[in-house]
Amino acid sequence: MPLYGVDVASYQGEPSWPKVHASGIRFAFSKVTEDTDYTNPTWAHNRSKMPELGEDFLPGAYHFLHGGNGAAQARYFLSNAGDVTGFAVALDVEASGADADTARDWVNEVKDRTGGHPVIGYFPRWYWEQQGRPDLSFFDTIWQSHYVNGSGSASDLYKKVPDSWWKPFGGEPISILQYSSKASVPGISGPCDVNAYRESLNDLKALALGA
């Protein structure tokens, strides 16, 4: 059985992270910033509450990339995220003029300023195809999205996921799969994105934190 995770932005309000954890969720990514002029107003809540869940949970932080100066966006992310030592870090690349070159600049800047903290690339296959199938090996691994139909719990929805959705692309394996945006997760208001990781939590920590 895979590990289940969620990703949240301002739309989900301030989740009750103890309830999220009690439902079986073991990792989460919260949006922190977008471009160089937006910070998620619920990030402060998520940053303080997710680590309180202890060793049985991996908190995460992500930036939504725009076209333009990737390094400047990385600096903006880090200045608003705070210390990301204990957080999985991800870069969301899917629109707003973002491309692989801008993403590479973002990743390089984050690694330079954090002593090489791993970066997970949320780069959906459809966008990778649209961008001309660029090499994505500058990421440490890929977070892909492909949605099943319907709504329900994370575990019920995952039963619909075919193994073919985990097929690698861009020169990197897919380690995390976002498979629905319509999941019901206790502690989170409204529909929520859910994700799966097929190894252990310790394996995910090693991948995401470099430990």
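## Briefing: fold, charges and selected residues

D92 is in strand β5, where strands (E, at least two residues) and helices (H or I, at least four) are DSSP runs numbered from the N terminus. This is a predicted model, in which local features need pLDDT of at least 70 and side-chain atom pairs count only at pLDDT 80 or more, while totals for chains, interfaces and linings use all residues. Residues are numbered from 1 along each chain as its sequence is written, and side-chain values use heavy atoms, with hydrogens and water left out. The chain holds 7 helices and 9 strands.

**Overall shape and surface**

- The chain has 211 residues and a radius of gyration of 16 Å, which agrees with the value near 17 Å for a compact globule of that length.
- That radius is taken over C-alpha atoms, and the globule rule is 2.2 Å times the number of residues to the power 0.38.
- The C-alpha trace spans about 40 × 35 × 30 Å along its principal axes.
- Of the 211 residues, 54% count as buried.
- Buried means under 20% relative accessible area, exposed means over 50%, and partly exposed is in between (1.4 Å probe, protein chains only).
- The exposed area of the chain is about 8900 Å², with 48% of it supplied by carbon and sulfur atoms.
- Accessible areas come from the Shrake-Rupley method with a 1.4 Å probe, and for residues only the protein chains shown count as cover.
- Among contacts between residues at least 6 apart in sequence, 69% join residues at least 24 apart.
- A contact means heavy atoms within 4.5 Å.

**Charge balance**

- The chain carries 17 positive and 25 negative side chains.
- The centres of the two sets lie 5 Å apart.
- Lys and Arg count as positive, Asp and Glu as negative; His and the chain ends are not counted.
- The place of a charge is taken as NZ of Lys, CZ of Arg, CG of Asp or CD of Glu.

**Salt bridges**

- Side chains of opposite charge can pair when their charged atoms come close.
- A search of the whole structure finds 10 salt bridges, each a side-chain nitrogen of Lys or Arg within 4 Å of a carboxyl oxygen of Asp or Glu.
- K205 forms a salt bridge with E55, and the closest N and O atoms are 3.4 Å apart.
- K205 lies in helix α7 (residues 201-209) and E55 in the loop between α2 (43-49) and β4 (58-64), so this pair ties together parts that are 150 residues apart in sequence.
- K205 counts as buried, at 13% relative accessibility, whereas E55 is exposed at 68%.
- E129 pairs with R133 in a salt bridge, with 2.9 Å between the closest N and O atoms.
- E129 is partly exposed at 37% relative accessibility, and R133 is exposed at 53%.
- K159 and D156 meet through their side chains in a salt bridge of 3.4 Å, N to O.
- K159 is exposed at 68% relative accessibility; D156 is partly exposed, with a relative accessible area of 42%.
- R75, E109 and R113 are joined into one network by salt bridges that share partners.

**A buried charge without a partner**

- D92 is buried yet has no salt bridge.
- K31 is the nearest side chain of opposite charge to D92, 6.8 Å away.
- D92 touches Y62, H63, F64, L65 and Y122, leaving aside residues up to four places away in sequence.

**Positive phi outside glycine**

- S96 is not a glycine, yet its phi is positive, at about 60°.
- S96 sits in the loop between β5 (88-92) and α4 (100-114).
- S96 is partly exposed, with a relative accessible area of 37%.
- R133 also has a positive phi, near 55°, and is a residue other than glycine.
- R133 sits in the loop between α5 (125-130) and β7 (141-145).

**D140 and its neighbours**

- D140 is in the loop between α5 and β7.
- D140 counts as partly exposed, at 31% relative accessibility.
- D140 and G121 are 19 residues apart in sequence, and their C-alpha atoms are 7.5 Å apart in space.
- D140 touches K111, P118, V119, E172 and L207, not counting residues up to four places away in sequence.
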